[in-house]
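Let's work through a few short exercises on charged side chains. Have the sequence and the 3D view ready, and try each task before reading its solution.

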Amino acid sequence: MIPATQIRQLSSQDRERAEPVEIWKARKFIHEHADEELSLTEVGKAVNISANHLSEKFKEVTGINFVDYVARTRFEKARDLLRDPNLRISEIAFAVGFQSLSQFNRVFKKISGKSPTEYRAARTRTQMTVNA
């Protein structure tokens, strides 16, 4: 049996490693509102901390800055939508929250190494090979 003093030590260590609630709330807000225009100020207000504090804490906890995190969240949603061949790439870009098609293409290529068109074509080829 573990002594109570040791249990308290374990739980305080776990608390230090746990994600701070304001960062958890910020990430949740970003995921729920990724298709909208997002700013540090807006997310900070939603979770009741200043934009500067959010920026510093977000990078410290997640290892990625706010702008890159939002871009990656939008990229992941876009990647899922690219599975639907009936959706135009421009529709996907705006549906996931990018403000322009060129911004979407640039971010997508930076993260995946492929343009959205190349990514979709590669997925289609892979699916044809699997289904053959």
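## Salt bridges, step by step

Lys28 is partly exposed, at a relative accessible area of 38% (buried is under 20%, exposed over 50%, and partly exposed in between, with a 1.4 Å probe and protein chains only). The model is predicted, so local features need pLDDT of at least 70 and side-chain atom pairs pLDDT 80 or more, while totals for chains, interfaces and linings use all residues. Numbering starts from 1 along each chain as its sequence is written, and side-chain values use heavy atoms, without hydrogens and water.

**Exercise 1.** Find the salt-bridge partner of Lys28.

*Solution.* Start with the rule: a side-chain nitrogen of Lys or Arg lies within 4 Å of a carboxyl oxygen of Asp or Glu. Glu32 fits, with its closest O atom and the N of Lys28 2.7 Å apart. Next, locate the pair: they sit four residues apart in helix H2 (residues 21-33), about one helical turn (a helix is a DSSP run of H or I, at least four residues, numbered from the N terminus). Finally, Glu32 is partly exposed at 46%.

**Exercise 2.** Compare the exposure classes of Lys57 and Glu60.

*Solution.* First, their side chains form a salt bridge, 3.7 Å from N to O. Both belong to helix H4 (residues 51-62), three residues apart. Then read the classes: Lys57 is partly exposed at 22%, whereas Glu60 is exposed at 61%.

**Exercise 3.** How many salt bridges does the rule give?

*Solution.* The count is four. One of them joins Arg27 and Glu19 at 2.6 Å, N to O.

Conventions
Helices (H or I, at least four residues) and strands (E, at least two) are DSSP runs, numbered from the N terminus.
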